[in-house]
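Here is a quick walk through a structure, with an eye on charged pairs and on one helix in particular. Have a look at the model before reading on.

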Amino acid sequence: MTSQQNNDTDTTSEPNWMKEDCVQSIPKEKLHFLQKLVFESSSLSQKELLPFLMALAQKSREASISFSDTEISSILMAIRKYATPEEQLKMNQIVRLMAKKMPGKRE
């Protein structure tokens, strides 16, 4: 999310994507967890991305954070609205990697 489109550098306000109607039913702790994923993974190479995602998946299990398919779809829809083309490519890459490494039904 570019700084002109999003206010995520200000810790007192939520990024624009978190204000979208489609994500209002998702607990804020889940959205903040995902926000961390987006920003920490944005500068990683593909080689670095998989270990990062695996570590984050472990943290999510430890914190009992999981996302339903509906929540994931809603979140991606909201984030894509504010993402640059490069960020959208990175998101697609993350989604593909996660689907390959963590098959199965989500809660």
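A salt bridge here is a side-chain nitrogen of Lys or Arg within 4 Å of a carboxyl oxygen of Asp or Glu. Keep in mind that this is a predicted model.

How many salt bridges does the structure hold? There are three, and here they are with their N to O distances.

| Salt bridge | Distance, N to O |
|---|---|
| Lys28 and Glu14 | 3.5 Å |
| Glu20 and Lys81 | 2.9 Å |
| Glu71 and Lys30 | 2.9 Å |

Let's take them one by one, beginning with Lys28 and Glu14, whose side chains meet at 3.5 Å. This pair joins distant parts of the chain: Lys28 sits in helix 1 (residues 28–41) and Glu14 in the segment before helix 1, 14 residues apart. Lys28 counts as partly exposed because its relative accessibility is 31%. Glu14, at 23%, is partly exposed too.

Next up is the bridge between Glu20 and Lys81, at 2.9 Å. Here Glu20 comes from the segment before helix 1 and Lys81 from helix 3 (residues 69–82), with their positions 61 residues apart in the chain. Is Glu20 buried or exposed? Its relative accessible area is 15%, so Glu20 is buried, under the 20% cut-off. Lys81, on the other hand, has 58% relative accessibility and therefore counts as exposed.

That leaves Glu71 and Lys30, which meet at 2.9 Å. This salt bridge ties helix 3, where Glu71 sits, to helix 1, home of Lys30, and the two are 41 residues apart. Both Glu71 and Lys30 are buried.

Now for helix 2 (residues 46–62). With 17 residues at 1.5 Å a residue, helix 2 should span 24 Å, and its end C-alpha atoms are 25 Å apart, so the two values agree.

Which residues of helix 2 are buried? They are Leu49, Phe52, Leu53, Leu56, Ala57 and Ser60. These residues cover an arc of only 145° around the axis, which means they lie on the same side of helix 2. The general background is that an α-helix has 3.6 residues a turn, so residues three or four places apart point the same way. Turn to the other side of helix 2 and you find Lys47, Pro51, Arg61 and Glu62, which are exposed.

One last detail: Ser64 follows helix 2 and has a positive phi, near 55°.

Technical notes: Residues numbered from 1 in each chain as written. Predicted model: local features only at pLDDT ≥ 70, side-chain atom pairs only at ≥ 80, totals over all residues. Heavy atoms only, no water. Helix = DSSP H or I, 4+ residues; strand = E, 2+ residues; numbered from the N terminus. Buried < 20%, exposed > 50% of the residue type's maximum accessible area, 1.4 Å probe, protein only. Expected span 1.5 Å × (residues − 1). Arc of directions from axis to C-beta.
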